[in-house]
Amino acid sequence: MTASSRGPAERPARVVTRTIQDGVRRTVLPSGLRVLTEHIPTAHSVSLGVWVGIGSRDEAPAMSGASHFLEHLLFKGTHKRTALDISAQIEAVGGETNAFTTKEYTCYYARVLDADLPLAVDVLCDAVADSVLHPADVETERAVILEEIAMHDDEPGDEVHDVFTEAIFGNHPLGRPISGTTDTISPMTRATINGFYRRRYTPPRIVIAAAGNLDHAAVVRLVRKALAGTALDTPAAAPALCRPADHRVRTQRAHTVVRNRDTEQAHMVLGCPGIGRRDERRFALGILNNVLGGGMSSRLFQEIREKRGLAYSVYSYGSQYADAGVFGVYAGCAPGKAEEVLDLIRAELATVAANGITAEEVARGKGMVKGSYVLGLEDTGSRMSRIAKSELLYGDLLTVSELLARVDAVTLDEINELAVELLSRPMSLAVVGPFDESAFPDTAR
């Protein structure tokens, strides 16, 4: 069943459980919160994640960075636990806990021995459902986040990707940095953060996923017990639908953005709007990306680093969201080599757009995609992430065999058709380095 087919009929008055595929089960609680597990009997650990379908793109401009701010604050204490209790109780059993925020979701996770899963469920559910957000903690974490923003700004290799994303999406929420800015974080109050927390962190938007040596029914019981009487113990509701992809995000006209920094290297990203994550061509894009700049055997790496020694790091990548995406090529090189490197990147993209790639490259690209995916599922953390993202972002779960078959089914013609469309688009350029704004001509074609 896909997310788009869910509606009022799936508003459960009771617990609804079904098996999705071998070893993977899904339960919808009456509140609309979903619990997914994958039983891995050979594992001795369990990875647990509380996934919330809220990220930086859900923030109003003045609230930019609120999701990330909240991620920090939820570990600072609840009515039952102090911040030290939260970390110490998990570490006392050799476990680990952390969190991260993206543009479209936030995840709080822990990894523990299988015997300690009840503790992990209780601690994570407590933190996500019942955080106090004490004013003193808000001020402490505000200082931490402002330092984090400053540290990010001191890393030009990271900053250039934010500059590029802003060049593509402009003022759209997808174009803003996940952590916010000093101008938005500094004035953000405890009341506004708490309002964001209580309005957005609702059961229909939450998926709790676990993978490892576990019993699904036991996990559901633990979750229900941990959430009983909290703000997430709410009346019956249907699970939230996947984020819609039926509208187009407006992107900016291709242009060049230069951030002058006194750096030893020029950091550059050249690229364009890409495709959304539910676009069926995403498998073709994965193969094309690997051929262009996805590894040491890729065209860009071989031409720019191996043959000419012009850059230490050069790679291509795609980022996909529900209704949009970007495709970019990054390179870091000596400032005096920047124009030459850019010319080589543009020439290679133009060559692939005009002539396509070869059957041999397709075979190698498919092998890279399949190998990367399967090898990435060797631990409980990645297995937990797989089932959670499938539920939260796609609404269904492909088996490993189905996914590999989708990759194998991609044809050379499909890849080359995508290359023509994607690589012929006008390209934006983001540069961070010792340059004036006029140092690079407009790259729009």
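In which sense do strand β2 and strand β3 pair, and over how many bridges? Select residues 24-28 for β2 and 34-39 for β3 in this predicted model. The two run antiparallel, joined over 5 bridges. Pick Val28 next: Arg34 in β3 stands opposite.

**The whole sheet**

Widen the selection to 7 strands. They make an open sheet, ordered β1-β2-β3-β7-β4-β6-β5, with mixed pairing. Colour β1 (16-21) and β5 as the edges; each of them pairs on one side only. Look along the sheet: from one strand to the next, the twist averages 15 degrees.

**A helix on the sheet**

Now add α13, residues 380-394. This helix packs on the sheet and touches β1, β2, β3, β4 (45-52), β6 and β7 (206-212). Compare directions: α13 makes about 30 degrees with β4.

**A covered helix**

Move to α1, residues 66-73. How many of its residues are buried? The count is 8 of 8. Step through the helix to see them, including His68, Phe69, Glu71 and His72. Then show what covers them: among the elements are strands β5 (96-101) and β6 (106-113). Helices α4 (135-153), α6 (182-185) and α7 (190-200) also contribute to that cover.

**The cysteines**

Finish with the cysteine sulfurs. How many disulfides does the structure hold? It holds 0. Select Cys107 and Cys125. The Cys125 sulfur is the closest cysteine sulfur to that of Cys107, yet it lies 12 Å away, so the gap is too far for a bond. Cys107 is buried, at 1% relative accessible area. Last stop, Cys333: this residue is also buried, with a relative accessible area of 1%.

Definitions and conventions. Residues numbered from 1 in each chain as written. Predicted model: local features only at pLDDT ≥ 70, side-chain atom pairs only at ≥ 80, totals over all residues. Heavy atoms only, no water. Buried < 20%, exposed > 50% of the residue type's maximum accessible area, 1.4 Å probe, protein only. Helix = DSSP H or I, 4+ residues; strand = E, 2+ residues; numbered from the N terminus. Contact = heavy atoms within 4.5 Å. Disulfide = S-S within 2.5 Å. Pairing = 2+ DSSP bridges. Axes fitted to C-alpha atoms, helices over the stretch in contact; angles between N-to-C directions.
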